[in-house]
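Student: Could we take a close look at one part of this protein together? I would like to go through it slowly, one piece after another.

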Amino acid sequence: MDPSDYVYMMIWINIRLCLPFTLIVFALGCVVRLDGFPVTFYMNLLVSNLIQLGGLVALMVKINEGNFHPICLVVLGCGALASLCFRTVIALERYFLISWPELHFIRQTKGHVIFCVLIWLFAIFLFPLFMMFSQYIFFVLFPLIPTPVFIFCVARTPKFLPAAASLPTGGKRRIMAALMLLLILHIFMILPLSLSYINSYFCGSYVKYNSSLVLFLFSPFMDLILFVFMCEGLVEKLLMCFSCHSCSR
C-alpha cells in the first residue's frame, strides 16, 4: 500500500468508528460520576475532537467532489489546536491538584469557563492567521511548546504524591495514568507531525509526513481512553463484570 492509502484508511476509521464513539463517551460523561476530574475541560476536549472530525468529513466530501474549500481545513485545524490546548490544561490541572491543592481557581466553575473561552478564542482566531501568513511556524512551534509541560507534569507529580494525603490511592493512580497517557499521546502522535513537517520542508520527502499524519489521526481515540482514568471505579467495575461473566460460563 502507498503511504497515502494508510492516511485515507485512518480517515475512514475516524469517521466510521471514532466519531460515533466520541458521541457515546460525551453522553456518558454527562451522566457518569467523574472522580474529581476537570469535567468541563474534558467535555470541551471531546467537542474540539468532534469539530476536528466534522471538518475531516467535510474535507473528504469536498475532495471527492473535486471542489476543495479551505474553510474545511480551517475547521479541522481549529479543532486540532483546541484539542492540543485542552490536553495541556488537563495535564496542568492534574499536576496542580497534587502539588498545589490550595489553587482552587483552576478547578472552580469560573476558572473552567475563563480557560475554555480563552482557548476557543485562541484557536479560532490564531489558526486562520497562521495559515495565511506562516504555516511553518504553526506546524513547528505549537506542537513543540506543550512538550516540556507534559514532561514536567509527569516527572514532578510523583514527588508530591506522598504529601497528598486527602486523595485515595486509586485517585493518585488515575492521575498518574492520565498524565502518562497524555505524555505518550503527545510524544508519539502529535510531536512526530511537527518533526516530519520540518523534514518535508527542508528535504522534500513526504513519506515520513504521511506516516506521522496517520499517528496524528489516531489521537482522538487516545482521548477516549482518557475517560477510563476519569471515572471512579470504572476499571474495577469492568474487571468485576468480566470476572463474573467468566465464572458464570
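Which helices each supply at least two residues of the lining of the second largest pocket?

Tutor: Happy to help! Keep in mind that this is a predicted model. The helices you are asking for are α3 and α4 (109–133), each of which supplies at least two residues of that lining. Of the contributors, α3 gives the most, with five residues.

Let's stay with the pocket for a moment. The second largest pocket has a volume of about 220 Å³. Around it you will find Leu81, Leu84, Cys85, Thr88, Val89, Leu118, Ile119, Phe122, Phe142, Ile145, Pro146 and Val149. Sorted by class, 11 of the lining residues are nonpolar, one is polar and none is charged.

Now let's follow the helices outward from there. Two packed helices are described by the angle between their axes and the distance between the axes. Start with α3, which covers residues 70–99, and helix α6, residues 147–160: they pack at an angle of about 20 degrees, and their axes are 9 Å apart. Angles under 35 degrees count as roughly parallel, so α3 is roughly parallel to α6. The crossing in which α3 passes α6 is left-handed. On the α3 side, the contact is made by Arg87, Thr88, Ala91, Leu92, Tyr95, Ile98 and Ser99, and on the α6 side by Val149, Phe150, Phe152, Cys153, Arg156, Thr157 and Phe160. Nine residues of this contact are nonpolar, three are polar and two are charged. Look for Thr88 and Val149 here: both belong to this contact, and both also line the second largest pocket.

α3 has another partner, helix α2 (residues 39–65): their axes come within 8 Å and cross at roughly 160 degrees. Since angles over 145 degrees count as roughly antiparallel, α2 and α3 are roughly antiparallel to each other. Here too the crossing is left-handed, with α2 passing α3. The residues in contact comprise 15 nonpolar, seven polar and three charged.

Finally, turn to α4. With helix α5 (residues 135–144), α4 packs at an angle of about 130 degrees, the axes being 6 Å apart. That angle makes α4 and α5 oblique to each other. From α4, the contact uses Phe122, Leu126, Phe127, Phe130, Met131 and Phe133, while α5 brings Gln135, Ile137, Phe138, Phe139 and Phe142. This contact has 10 nonpolar residues, one polar and no charged. Phe122 and Phe142 take part in the contact of α4 with α5, and you can find both in the lining of the second largest pocket as well.

How values were computed
Residues numbered from 1 in each chain as written. Predicted model: local features only at pLDDT ≥ 70, side-chain atom pairs only at ≥ 80, totals over all residues. Heavy atoms only, no water. Axes fitted to C-alpha atoms, helices over the stretch in contact; angles between N-to-C directions. Helix = DSSP H or I, 4+ residues; strand = E, 2+ residues; numbered from the N terminus. Parallel < 35°, antiparallel > 145°, perpendicular 65-115°, else oblique. Left-handed = near helix turned anticlockwise from the far one by under 90°. Contact = heavy atoms within 4.5 Å. Nonpolar A, V, L, I, M, F, W, Y, C, P; charged D, E, K, R; others polar. 1 Å grid on protein atoms, 1.4 Å probe; cavity = no way out; pocket = protein on both sides within 12 Å on 5 of 7 lines; lining within 4 Å. Points joined across faces, edges and corners; volume = space filled by probe spheres on them.
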